[in-house]
Amino acid sequence: MPVQLPELPYSRTALQPHISAETLDLHHGRHHRAYVDAVNARIAGTEMDELSLEDIVRGSQGSLFEAAAQAWNHAFFWQCLHPRAGDDPHGALAERINLQFGDVQKLREEFNRAAMAVFGSGWAWLVQHPDGTLAITTTRNANTPLTGDSTPLLVCDVWEHAYYSDYRNERARYLQAFWKLVNWDFVSSQLR
Ligand SMILES: [Fe+2]
C-alpha cells in the first residue's frame, strides 16, 4: 500500500499573506510530494510496503528513513497550521504552557530562539515528555521526535524551502508569520 501525499487541510491560498500559494504549491506539491514518492520507490516490493508511515520512520535507516521522516514531518507540519489567526492556546494546554514557560509569549520567544539556532536545515518542535512536561527541541535535516520517547505537539519547518519564496533568507520574519497561523486546537489534540 503506497504512502499517500495528504491533501492540505486548507486551500492553497488560505494562509496568505503569511504563507503564499506559491510557497504551498512548491512546498507541498513539490517537496512533500518528492519525499512521499521517494518512500514509495524504496518500499515497493518489500515487506515495508505493508507498514504505516510512522512504522517505516521508526523501522528504517539511511535514505528511506530520511524520505519517510520528511514525509511524516511535513504531514504533521501542515496540520499545525490554520488560516484562522489570532488564537491563543486554551484549556489544559494553556495551563501547561503557563506553568512551564510563564505564558505563551515566553514559549514563542524560547521556540524562536531554538528555531533561529538551527544551523542549516531542520525543524523546531514543542514536544511532551512521557512525564507530561513540555519541552522545546530542534532536529537537524530529516530527524524527528517520532523516533524518541516524546510526543510531538507542534512543529515549524525551518528548511529554507519553507520560507525562501516569501521571506528570502529571513527566518525571523517567517517565524513571526508562523505564529499567526498556529492551529492551537490541533496542538491541544496531540497532548497525552
Ligand atoms: Fe519543508
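Which helices and which strand are among the elements that cover the buried residues of helix 7? In this predicted model, the cover includes helix 3 (62-79), helix 5, strand 3, helix 6 and helix 8. Helix 7 spans residues 171-179, and its buried residues are Arg171, Tyr174, Leu175, Ala177, Phe178 and Trp179. Gln176 is also placed in helix 7, but this residue counts as exposed, because its relative accessibility is 52% and the limit for that class is over 50%. The C-alpha atom of Gln176 lies 8.8 Å from that of His18, although 158 residues separate the two in sequence.

Two annotated regions frame the description of the chain. The UniProt record, an unreviewed entry, assigns "domain: Manganese/iron superoxide dismutase N-terminal" to residues 4-81. In the model, residues 4-81 are 60% helix and 0% strand, and the C-alpha atoms at the two ends of this stretch are 20 Å apart. The UniProt record, again as an unreviewed entry, lists residues 89-189 under "domain: Manganese/iron superoxide dismutase C-terminal". Here the chain is 43% helix and 21% strand, with the end C-alpha atoms 11 Å apart.

The model contains an iron ion, coordinated by the NE2 atoms of His27, His74 and His161 and by an OD atom of Asp157, at 1.9 to 2.1 Å. The arrangement of the 4 donor atoms is tetrahedral, because the angles they subtend at the iron ion run from 90 to 131° and a tetrahedral assignment requires all angles to lie between 85 and 135 degrees. Along the chain, the donors follow the spacing H-x46-H-x82-D-x3-H. Distant parts of the chain are thereby linked: His27 belongs to helix 1 (residues 21-43), while His161 is found 134 residues away, in the loop between strand 3 (151-157) and helix 6 (164-167). His27 is buried, with a relative accessible area of 1%, and His161 is buried as well, at 13%.

Helix 1 also holds Asn40. Asn40 is classed as buried because its relative accessible area is 17%, and the class includes values under 20%. When residues up to four places away in sequence are set aside, Asn40 touches Pro2 and Val3.

Helix 3 offers a further example in Ala75, a buried residue with a relative accessible area of 18%. Ala75 touches Pro6 and His32, again not counting residues up to four places away in sequence. The C-alpha atoms of Ala75 and Leu5 are 8.1 Å apart in space, whereas the two residues are 70 apart in sequence.

Helix 4 (residues 91-101) has buried residues Leu93, Ala94, Ile97 and Phe101. These residues lie on the same side of helix 4, because they cover an arc of only 100° around its axis. The buried residues of helix 4 pack against helix 5 (104-116), strand 1 (122-128), strand 2 (134-140) and helix 8 (184-189). On the face turned away from the buried side, helix 4 carries the exposed residues Ala92, Glu95 and Leu99. Just after helix 4, Gly102 takes a positive phi of about 105°.

The cysteines were also examined. The structure holds 0 disulfides. The sulfur of Cys80 has its closest cysteine sulfur in Cys156, at 9.3 Å, which is too far for a bond, because a disulfide requires a pair of cysteine sulfur atoms within 2.5 Å. Cys80 is buried, with a relative accessible area of 0%, and for Cys156, likewise buried, the value is also 0%.

Note on methods
Residues are numbered from 1 along each chain as its sequence is written. This is a predicted model: local features need pLDDT of at least 70, side-chain atom pairs count only at pLDDT 80 or more; totals for chains, interfaces and linings use all residues. Side-chain values use heavy atoms; hydrogens and water are left out. Buried means under 20% relative accessible area, exposed over 50%, partly exposed in between (1.4 Å probe, protein chains only). UniProt positions are given in the numbering used here, feature names are shortened, and annotations may be inferred rather than shown by experiment. Helices (H or I, at least four residues) and strands (E, at least two) are DSSP runs, numbered from the N terminus. Donors are N, O and S atoms within 2.8 Å of the metal (3.2 Å for Na, K and Ca); water is not among the atoms, so sites may look incomplete. Four donors count as tetrahedral if all angles lie between 85 and 135 degrees; four count as square planar and six as octahedral if opposite donors are over 155 degrees apart and all others between 65 and 115; anything else is irregular. The arc is that of the directions from the helix axis to the C-beta atoms. Contact means heavy atoms within 4.5 Å.
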